[in-house]
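The following exercises concern charged pairs and nonpolar packing in one protein chain. Please work through each task before reading its solution.

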Amino acid sequence: FPSHDISFGRPADFTNGVGDFQLEVNPGNTTLNVNDAFDLTVLIKGNGNLNLLELPKPNMPAEFDAFTPDVQDKISFSVSGVAGTKKINYIYIAKTPGTFVLPPFSWSWFNPKTKKFESFTSDSIRVQVLGSANDTETASSVPIKFQLSIPQGRTSILPPIYTPFYGSFSFFAWLCFLLVS
C-alpha cells in the first residue's frame, strides 16, 4: 500500500478518515415539543477505513441533552479493500422551547485517490421546539429507548456475542501448556 504524509494541511474536523466517501445528513422531525426527541442521522458510505472511523460530532446547542449515538455498520472486507456504510443516529432531547438554528455539520477525510483532504459540510438545520420550559415529564413518560444508558464506546447494551480466543489469556495458557509438554 502506498503511504501518504497527511500531517500537512490537515483540517480541524479531520478524525482519521481515509478513503473515498460520500456523506448524507438527515434530520428527523424538526418541529417538536419540549422533552421530545430530535434525531440526526449521518450516513457515511464508500471505500476506506469505515471500521476505524472516529464518530464525527455534531455541534448542538446546550438546550439539547445528548445521548450515546446508535451506530450501525454494514461493512465488507475483500481483497480490493474495505467498503460499505456507517449509519450514525444521534439522539437529543429538547429541554427548552424556541427556534434553534443548528450549525452546519462538517467532516473531513483524506482521499488517497486524489491525494487531498476532502470535506463535507451540510446546510444549517432549523429546529422549532414548542411548549414551555415548565413542561416536565416523569421518567416513566419518556420512552424506554431514552432511559437506557449505553456505556461510551459501545453501540449496544448487550454483551458481545463473540470474544476472540486468539490473544486472550486462555490462548497463551494453552500455548504455554503445549510448549512445556
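Three exercises with worked solutions follow.

The model is predicted, so local features need pLDDT of at least 70 and side-chain atom pairs count only at pLDDT 80 or more, while totals for chains, interfaces and linings use all residues. Residues are numbered from 1 along each chain as its sequence is written, and side-chain values use heavy atoms, with hydrogens and water left out.

**Exercise 1.** Determine how many salt bridges the model contains, and describe the pair formed by aspartate 20.

Solution.
1. Apply the criterion: a side-chain nitrogen of Lys or Arg within 4 Å of a carboxyl oxygen of Asp or Glu. The count under this rule is 4 salt bridges.
2. Aspartate 20 pairs with lysine 113, and their closest N and O atoms are 3.7 Å apart.
3. Locate both partners, taking strands as DSSP runs (E, at least two residues) numbered from the N terminus. Aspartate 20 belongs to strand S1 (residues 14–27), whereas lysine 113 sits in the loop between strand S8 (106–111) and strand S9 (116–121); the two are 93 residues apart.
4. Classify exposure (buried is under 20% relative accessible area, exposed over 50%, partly exposed in between; 1.4 Å probe, protein chains only). Aspartate 20 is partly exposed at 24%, and lysine 113 is exposed at 62%.

**Exercise 2.** Describe the salt bridges of glutamate 24 and aspartate 65 in the same manner.

Solution.
1. Glutamate 24 forms a salt bridge with lysine 45, with 3.0 Å between the closest N and O atoms. Glutamate 24 is in strand S1 and lysine 45 in strand S3 (residues 37–48), so the pair ties together parts 21 residues apart in sequence.
2. Glutamate 24 is partly exposed at 31%; lysine 45 is partly exposed at 29%.
3. Aspartate 65 forms a salt bridge with lysine 95, with 3.4 Å between the closest N and O atoms. Aspartate 65 lies in strand S4 (residues 64–66) and lysine 95 in the loop between strand S6 (81–94) and strand S7 (98–102), 30 residues apart.
4. Aspartate 65 is partly exposed at 34%, as is lysine 95 at 35%.

**Exercise 3.** Which residues have the most contacts inside the largest nonpolar core, and what does phenylalanine 64 touch?

Solution.
1. A nonpolar core is a set of buried Ala, Val, Leu, Ile, Met, Phe, Trp, Tyr and Cys residues joined through side-chain atoms within 4.5 Å. The largest one has 27 residues, and Leu23, Phe38, Ile44 and Phe64 have the most contacts inside it.
2. At least two residues of this core come from each of S1, S3, S6, S7, S8 and strand S10 (125–130).
3. Contact means heavy atoms within 4.5 Å. Leaving aside residues up to four places away in sequence, phenylalanine 64 touches Phe38, Tyr92, Ile93, Ala94, Lys95, Phe100, Val127 and Val129.

Key
Helix = DSSP H or I, 4+ residues; strand = E, 2+ residues; numbered from the N terminus.
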